[in-house]
Amino acid sequence: MLAFSIRRILVAIPTLLIVLTITFVLIRIAPGDPAEVRLGDYASKEAVEALRRQMGLDRPMWVQYLEALKGLLQADFGRSIINGRPISGDLKRALPYTIQLTLFGIIFGALFGIPTGVYSALRRNTLTDYIGRTLSLGGLSIPSFYLGILLMLVFSIHIPLFPVVGGGDIHDLADNLYHLFLPGLTLGLVMTAYVTRMTRSSVLNTLNEDFIRTARAKGLSERKVIYKHLLRNALLSIVALIGVYSIILTGGSVMVEIVFSRPGLGRMMIGALKQRDYTTLQAVMIVFATFVVLINLIADLIYGLVDPRVRRK
Amino acid sequence: MQRLSKGRKLLKTFLRNRTSFIGACMSLALIIIAIFSYWLAPYDPLKQNVYHRLTPPEMIHIFGTDEYGRDVFSRVLTGARISLFVGIVSVALGMIIGTMMGMVAGYAGGKLETAIMRFLDIMMSFPDEVFGVMVMIVLGPGMLNVIIAITILMIPRFARVGHAPTLGIKEMDHIVSAKAIGAGSGRIIIRHILPNIFGDVLVMSSLWLGTAIRLEASLSFLGVGVPPPTPTLGNMVRVGVDFLASGPWVSLFAGLAILFAVFAFNLLGDGLRDITDPKLYAR
Amino acid sequence: MKTIRPSLTIVILLGVLLCFGVQPTSAAKDNVLRIAFDAADITDLHPHFAHTTQDRGVVHLIFSGLVRYKPGDIGEFVPDLAESWEVSRDGLTWTFHLRKGVMVHPWKNNPGYELTSEDVVYSFTSAADKNKSAWAGEYAGMQFKAIDQYTVQVILEKPLSELLFLPKMADYAGGLIIPKKAVEDLGEGFKSHPVGTGPFVFKKYLPKEKVITVRNEKFYRGTPKLDGVEVFYMPDMSSRKFGLQSKELDVIEGPPSQPWVDEMRALRGVEVDVFGPGEAGVLYFNMAKKPFDDIRVRRAIAYALSRDEVVTTIGKAIAAPVFSQIPNPQPGHLTRDEVLLRGKLEEKDYLYEVDRNKAKKLLADAGFPNGLTTTVFMTERGEYAVPFQNIVAQLREAGIDVKVTVVDHPTYHHNIRADMNTIVEYNCWRPTADVRLTHFHHSDSIVKTGKKPITNFMHLGEKDANGDGKVDSVDYQIEVARDLLDSGAQKAVWKETQFKLLDWAVSYPLFIKKFTFARRNNVQWGYDLKSTLILSPQINELTSIK
């Protein structure tokens, strides 16, 4: 297991290198100049040139690239070219908010999505199934920012239960959870929709497998069939797919962070893009990619836990 | 002869399957409305009347007017056309390029396969919104650029759909024998492999069309979508949420239209999957 | 299959909801003012670099200047760190007498200290250094001397009128005083840990979220009524609105748009402040690009446009028409009557009231009987794009087809400075008439080719503007006015200069657009908010929450 994890992490290194390269190139192709952004429309060309020198943007591309590369290898992203603060510090602050939000979404999704999906599949083509499917399709169809705003409107404005501004104090758990609930619910509902759908189809697929028929033929009680055979097997593909959908969720978190003004990674990224903060953007993209690599790794590990066959391989 | 009857049988199943039937009807209605939006819209969707701002729905403006006094109904119709256009074109392009890449990679094997699939994996390791925004910042705002961005997001997905089955199909007897008699690679891919995976590709196109429409809205929300005054469902919702107290109708109808559209294509895709998936089809 | 019940799911959901919901909304009743800006984050809190509205919102809580603009009214100066000042007879030496007992905020382990002339000299010397300030140009050729602990002298190379000199010494940009010891101690860190002498003390900065300040107990004008101010960064307009509605925020920045003002006024317990000075929107025509080298084409565009329609598009509560390059209320502007009267006297037209037939005729004379087409870049940012959409619609009716390529805001600024636009819309406020005229009309400021390229998009001073075949320029007038000491004479020269600009139709002044903020109605500024240079309401020792 350990060897497996280490190998997977090693394989991820070239991925991160390519991510860095893509980001490095794309943001520099993008029109607009960080020095101009920083100084504003009042500044003279002279001042902009001076600042460009100060930011180190007048150096050849390859020098800047090597520096970025060095930063990646040392896991030290240096300083933001816009505000000069160490990027690692900002990342350290932003990461917990995003991880909290995504985790909440995944757990919520699994907690409500799996039972609903199983139920829907077992009651295939009944009214409950149709309602469940319609709702989960609805969940897939609604853009997460719109859902977030609607929830805000209902649970913060009309029924003033939850706050709408910020992520709360990270050191105060109660305050933190309190601020997490609505944005978490937004992502959680979207996730529930995905999980319900795939649980349903995976249970339906498994129901058709020979071993279920055999089990039934053997005269096992329906309860036993479902718990011992069906769920156990269906769970496999569900775990694998939750990994995939977590990536989708990370994307959704960007928008939810903006709607709820949470100081997370997504806001950091959008801010860096708008300000053309090259160094910060490179760092955020690396973190996003690492995030995805890790999620996949965890999904694989859990997969191994549930299904010993994978582990042996 | 045999093929035709198989097709007819499929069509029959398709019509009998409730999901796909409803999905198809909704999608068709949407497409018809989009195509004829120019004639259906009672007003010019760009015509401003700043003296008649944010008026609630009434007889002359059945969906009300927006913050520039433009007719929301006309804008929703036109917006649906543009959003649908963006979605269909980018999914079609993504489908063609992606499926091709996947099939070529699967068929060629070796280093080429590793290179293509690794690269696409890396592209998939960015969340859609993250990569989409990045592409939009590089290209700048504009409808064409939104299409390019969504196409880029669609390519790796379709490549995976095209790749996996190709691996199995290329080992099949009739392909091996076709190769033996000297059929070119291009010919084999188009004539023998493509028909086998076309069903899957079609199903996924329908599902991802919904995703594409939602992505357009998300990009608009992040401020990098199709710029105003051109209406799209996404930028109408975006602008409308700023006027929820004084004019909720501005975002409501566009939001419902997005829901309707994504719902329709997902339903259609689900239905198509039900009937093309032989396992489920058997029952 | 009785183990998984949908009702169970609902019960759990409700349970969770209740667990979370027991706390009341944190509509905190503490005495802290929470203000949210339309921005993702701060850029720089060093006052000599801070130029964005969100940065200035913080900087002005923390720093002060020798003199200050009267709160809420930029038309008047009042003493602040300097109790009094005088100018020598030759106009070259200004002497400032500092207030005694002004304490610099404590920082890190340092308890703070009394601000003296040493700090003031240090601050201005730093503001004049191009590597340490974005406003170095403003202080070129000035010397700063500490005469004694509480007296500072500023020695000029050339005399300046009070109208042009005092803004440089006031509580704005380079005039904000940074304390020597704190800057030297904090180094690079100063820009995210500002230390000054203002009513509020910097406490904490949470990236992408907020800046927390607390009241300066030892503030020299009196202890502030508020316990503190928290400045939030919320780039999404509806999030700010919801925050205000849920009472988590007290003040929010709004876009200058009529629908937004109406939306806010529709909310209970919310009031909207509309204040100046406002940004003047002017169209500049690029004479280096055909056919805008032809005065008839430029005049045709002027006649094709109705200022009233543009103003209505932005909103009458926010915008008003302007008739000269220097906008009303800045000293040196022309009023409608002045422009009209002068035109009548000279049998000319400086007003360019909308007349589309005249526009078409001028176009035909210039060789475009079927109208003309031009392509421009335009930013996606609403404050530019909204009026421009209307301008394009109006020009179309006169047969002028403007094809717009939308780009993001930094790109727009980059492109217009790279001489890529034929018509440039530029909305801004400049501190004095001299700065505006110099930056936009002096030949040194011509984009790309000027000696100090800034924002002369017209190539004025390099091209023939009136059609007589000779190069036209207003450099001389601008320079003469700058050196005049009598502000009456100065204004007269500025006005003359603008009549020339209007006659040549090198640019077309359209509107002045004010700024909008919404607040909970229990917030009181403590002064009459008419105009402020920092473009957001100043929060000072008199501001309170009832």
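1. Charges first. In this predicted model, chain C carries 68 positive and 69 negative charges, and the mean positions of the two sets are 4 Å apart.

2. On the outside, the accessible surface of chain C comes to about 20400 Å². Carbon and sulfur atoms hold 52% of that surface. As for the residues themselves, 62% of the 546 in chain C count as buried.

3. Now the fold. Chain C is built with 16 helices and 19 strands. Its radius of gyration is 26 Å, close to the 24 Å that the globule rule gives for 546 residues, so chain C is as compact as a globular protein of that length. The C-alpha trace spans about 85 × 80 × 35 Å along the principal axes of the chain.

4. How is chain C held together along the sequence? Take the contacts with a separation of 6 or more: 68% of them join residues 24 or more positions apart.

5. The largest nonpolar core has 331 residues. Those with the most contacts inside this core are Met269(A), Leu66(C), Phe96(C), Phe165(C) and Met169(C). Helix α9 of chain B (residues 185–221) supplies the largest share of the core, 16 residues.

6. Have a look at Met169(C), one of those core residues with the most contacts. Leaving aside residues up to four places away in sequence, Met169(C) touches Leu66(C) and Phe96(C), and its other partners include Phe124(C), Tyr139(C), Met142(C) and Phe144(C). Gly65(C) and Gly175(C) are also among the residues that Met169(C) touches.

7. Apart from the largest core lies another one, of seven residues. Among them are Leu334(C), Leu351(C), Phe499(C) and Leu502(C).

Notes. Residues numbered from 1 in each chain as written. Chains lettered and ligands numbered in written order. Predicted model: local features only at pLDDT ≥ 70, side-chain atom pairs only at ≥ 80, totals over all residues. Heavy atoms only, no water. Helix = DSSP H or I, 4+ residues; strand = E, 2+ residues; numbered from the N terminus. Rg over C-alpha atoms; globule rule 2.2 N^0.38 Å. Buried < 20%, exposed > 50% of the residue type's maximum accessible area, 1.4 Å probe, protein only. Contact = heavy atoms within 4.5 Å. Areas by Shrake-Rupley, 256 points an atom, 1.4 Å probe, with all protein chains shown as cover. Lys, Arg positive; Asp, Glu negative; His and termini not counted. Charge placed at Lys NZ, Arg CZ, Asp CG, Glu CD. Core = buried A, V, L, I, M, F, W, Y, C linked by side-chain atoms within 4.5 Å.
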